[in-house]
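Please open the model in your viewer and keep the selection tool at hand. The tour below moves from one selection to the next and says what is to be found at each stop.

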Amino acid sequence: MRDLQDLAAKLLTEKTVGLVIGWEAGPRGARPSFVTDPKDAGKLISDNRCVHNLAAYLSPRRPHLRGFGRIAVAVKGCDVRAVAGLLRETQLRREDVVLIGIRCGGVHDTPTGVGPLTADNLADRCVGCEVRDPARCDHVLGELPPSLPSRGGRRAARIAELEALDHAARFAFWREELSRCVRCNACRQVCPLCVCERCLADKTDPPWIESSPHPRANLAWHATRALHLAGRCVDCGECERACPAGIPLNLIGRKVAAVVERRFGYRTTDDPQVPAPIGAWKPEDGQEFIR
Amino acid sequence: MSEATTGIDATAGTFEPRIQAFVCNWCTYTGADLAGTSRIPMAPNVRIIRLPCTGRIDTLFILKAFERGADGVIVSGCHPNDCHYTAGNFHARRRFAVFRDLIDFLGIDPDRITFSWVSASEGKKWSEVVNDTTERIRRMGPFSAYHGLAGRTP
């Protein structure tokens, strides 16, 4: 934690960057923190409550942050994949950002988590994590913590449960879940890869996605959101965490990721050179469903 | 397609499916035209919307068709390597593949949708796609689960 504060102060003092984005302790657990003055660097923290994917602030949808010049951002190994996504889609220039990688021993499932990680409170995306030591960063801080508590993935189990149901039962499940959506767009705002300046869901003439929150509109919105993130979602879990209605959005994201991996052999990666699966194609792509 | 009309003919008590087709201008639309000028008998349940290319078919079109009362959807374009724009159908194929598995997971039977490649010379194949899809949707019945989502019957 101390080395993050020192590095942030150094970068700001040397005017290498105009802004450091990290985490700080707030009244309700960890929260994103924006430091422009080296004297404030002491409030930065990095521990197992730092669940937020701060790459979201690098999205071109947030041009006000670009006014600070170069930005340093603290990233966990998994967050680097979101940065790679922005670089891959030329939404960000690598030289505009200083990546401070934080070696990570897993995070709580909420920023309000307390105490050491156990199999119970570990975020599901940390299960089987392969990027605890972040790659492609300008600085990498911290010691590699001991390995994560081990358990099975809960989401994978839930997806398998749902897949065992018939269509009518699955439809009823999602109808029920999505009926709680109030279309606050928190899932979109928090997503590091939702980069459109003007979202399809905001277009009202014609209203491709109805703006009123009823199950029909909500299904169109969440299906479209999942498709627009197909092969782009980095599994940071922020959409589900931000959802005030507790809709299990990660299940949809994980399902689509599994489809993309099975069909196109693509797994989310921190290498921006690997082409995105949607937008690329191969002549031999499977077409068993087309007659 | 009006939301006020249903596919159910009350007098006969039979279900006539309403099927929306999204086809590309260069192959399937021309193929469908050939089927028509060749006087090949076809089920009258399919309404066609012509688009420049399968690459232009946003999967949201398909959901929109269901929203507006369609019981089934046909999506059809040029065979691979025949795209007028070189690669539109290759791009579309990847999107459709993901879309199909996604809606399956969301509880929509992917059999509601027929994906096909129909070239400009395949009028016969188009008529088979239309007839087979109509028969299949007829057996599946009206898509009332989806139509009921808005809290009213279409």
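What follows is a walk through a predicted model, taken stop by stop.

**Stop 1: the two domains of chain A.** Begin by selecting residues 2-141 of chain A, which form domain 1, and then colour residues 154-264, which form domain 2, in another shade. The centres of these two domains of chain A, taken over C-alpha atoms, are separated by 25 Å, and the contact between them takes 17 residues from domain 1 and 15 residues from domain 2.

**Stop 2: a residue in strand β2 of chain A.** Within chain A, select residues 29-35, which make up strand β2, and pick out S33(A) in that strand. Is S33(A) buried or exposed? S33(A) counts as buried because 22 other C-beta atoms lie within 10 Å, and the cut-off for a buried residue is 20 or more. Leaving aside residues up to four places away in sequence, S33(A) touches G22(A), W23(A), E24(A), K43(A) and L44(A). Now add I21(A) to the selection: although I21(A) and S33(A) are twelve residues apart along the chain, their C-alpha atoms are separated by 5.7 Å.

**Stop 3: the largest nonpolar core.** The largest nonpolar core has 121 residues, and the ones with the most contacts inside it are A8(A), V73(A), V75(A), I100(A), V256(A) and L102(B), which you may show together. This core draws at least three residues from each of domain 1 and domain 2 of chain A. Centre the view on V75(A), which, not counting residues up to four places away in sequence, touches a set of residues including L54(A), A55(A), V80(A), V83(A), L99(A) and I100(A), as well as P134(A) and C137(A).

**Stop 4: chain B by itself.** Hide chain A for a moment and follow chain B from its N terminus, where the elements run β-β-β-α-β-α-β-α-β-α-α, giving five helices and six strands. Of the 154 residues of chain B, 52% count as buried. Among the contacts in chain B between residues at least 6 apart in sequence, 80% join residues that are at least 24 apart.

**Stop 5: where the chains meet.** Bring chain A back and select the contact between the chains, which takes 34 residues from chain A and 32 residues from chain B. On the side of chain A that touches chain B, at least two residues are supplied by each of α5 (167-178), α7 (215-228) and α9, and the largest share, eight residues, comes from α7(A).

**Stop 6: α7(A) against α2(B).** Keep α7(A) in view and add helix α2 of chain B, residues 59-67; the axes of these two helices come within 10 Å and cross at roughly 165°, which means that α7(A) is roughly antiparallel to α2(B). The contact is made by R216(A), A220(A), A223(A), T224(A) and L227(A) of α7(A), together with T59(B), L60(B), L63(B) and E67(B) of α2(B). The crossing of α7(A) and α2(B) is right-handed.

**Stop 7: α9(A) against α3(B).** Finally, select residues 249-264 of chain A, helix α9, and residues 88-105 of chain B, helix α3, which pack at an angle of about 140° with their axes 10 Å apart; α9(A) is therefore oblique to α3(B). From α9(A), the residues in contact are K255(A), V256(A), V259(A), V260(A), R263(A) and F264(A), and from α3(B) they are R94(B), A97(B), V98(B), D101(B), L102(B) and F105(B). The crossing of α9(A) and α3(B) is right-handed.

Terms used:
Residues numbered from 1 in each chain as written. Chains lettered and ligands numbered in written order. Predicted model: local features only at pLDDT ≥ 70, side-chain atom pairs only at ≥ 80, totals over all residues. Helix = DSSP H or I, 4+ residues; strand = E, 2+ residues; numbered from the N terminus. Buried ≥ 20, exposed ≤ 12 C-beta atoms within 10 Å, placed from the backbone. Contact = placed C-beta atoms within 7 Å. Core = buried A, V, L, I, M, F, W, Y, C linked by C-beta atoms within 7 Å. Domains from an automatic or database assignment. Axes fitted to C-alpha atoms, helices over the stretch in contact; angles between N-to-C directions. Parallel < 35°, antiparallel > 145°, perpendicular 65-115°, else oblique. Left-handed = near helix turned anticlockwise from the far one by under 90°.
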